[in-house]
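The following exercises concern a single protein chain. Please study the sequence and the structure before reading the solutions.

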Amino acid sequence: MTSLLHLDSSANCSVESVSRALTALFADTWRARHGSTGYRYRDLVADPVPPLTTAYCALGRRLERHDLAPPTSVAELVETPAEQGEWAVTHPLITEVLTAGTILIGAPMYNYSVSASLKAWIDRVSFPGAFTDPHTRENLLCDTQVVVISARGGIYSAGSPREAWDFQTPYLRVYLAKQGVAQENMHFITAELTLADVAPHLAPFQSQAAHSLATARAQVIELAVMQVTETVMPNRWKTATVGFAGRGS
């Protein structure tokens with residue numbers, strides 16, 4: 001079944017959040033085409049994923065000593081109530097990832113990287129062996145499509161003076177690849193200069209900011225319509241940074 005896991009991680013839960021508006025646009029367009037049956041939404045700010053604990057680490061290391069096991073077998077290795085609690089939180093999150101044909105991530109840039117709420121989710125779902133077949137060692141996410149929609153307050157795009165300050169996109173690319181997501185299945189759309197109408201020093205860039213957002217919206221709609229769960233996107237979708245690239249929302 002065609003399915004979409006939609007994650008938002010902007011600390012700004014209001015209508016002013018650009019990343020939330022763009023992920024909502026993608027999700028609405030996707031559901032208009034596929035229906036809502038396979039749609040799952042998780043707000044990582046309203047319903048935060050708790051940070052890792054000693055019990056999580058102990059259970060993960062025990063699993064590694066057993067040469068990994070599928071998520072369905074992890075409960076058999078639990079030894080303490082604390083570990084049971086950690087796995088009760090973790091297992092549903094991993095299941096959501098494994099059952100999603102497409103994962104939509106709203107990832108505003110915070111301090112040149114991802115938000116704390118998104119990082120907490122990443123840390124927890126990255127349980128040892130969660131996305132590896134224990135028998136064949138094959139990656140279980142090799143066919144999963146991942147759409148990352150980012151908002152940035154300033155300018156960090158290719159060729160800009162602060163291009164090297166972008167630790168967000170390289171980090172997410174490396175992380176997703178490590179989990180088995182194919183490079184051709186990663187799609188990045190970025191709206192930049194989202195603070196141009198707020199910060200006085202960015203006021204001269206308001207027209208570029210408007211163009212960046214409009215282009216991002218158009219690309220979001222096109223990407224959602226192109227059935228990313230079933231079709232490999234053309235190369236132009238692998239990184240669609242729009243306009244220019246501080247803190248997004």
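**Exercise 1.** With which side chain does the side chain of His187 make a polar contact?

*Solution.* The model is predicted, so local features need pLDDT of at least 70 and side-chain atom pairs pLDDT 80 or more, while totals for chains, interfaces and linings use all residues. Residues are numbered from 1 along each chain as its sequence is written, and side-chain values use heavy atoms, with hydrogens and water left out.

Step 1. Locate the residue: His187 belongs to strand E5, residues 186-191 (strands are DSSP runs of at least two residues, helices of at least four, numbered from the N terminus).

Step 2. Find the partner: the side chain of Gln145 lies 2.6 Å from that of His187, a polar contact (a pair of N or O atoms within 3.5 Å; within protein, one must be able to donate a hydrogen and the other to accept it, and residues adjacent in sequence count only if both atoms are side-chain atoms).

Step 3. Consider the backbone: the His187 side chain also reaches the backbone oxygen of Asn185, at 3.4 Å.

**Exercise 2.** Determine which residues of helix H2 are buried and which are exposed.

*Solution.* Step 1. Buried in H2 are Ala55, Tyr56, Leu59, Gly60, Arg62 and Leu63 (buried means under 20% relative accessible area, exposed over 50%, partly exposed in between, with a 1.4 Å probe and protein chains only).

Step 2. These buried residues cover an arc of only 160 degrees around the axis, which puts them on the same side of H2 (the arc is that of the directions from the helix axis to the C-beta atoms).

Step 3. On the other side of H2, Thr54, Arg61 and Arg65 are exposed.
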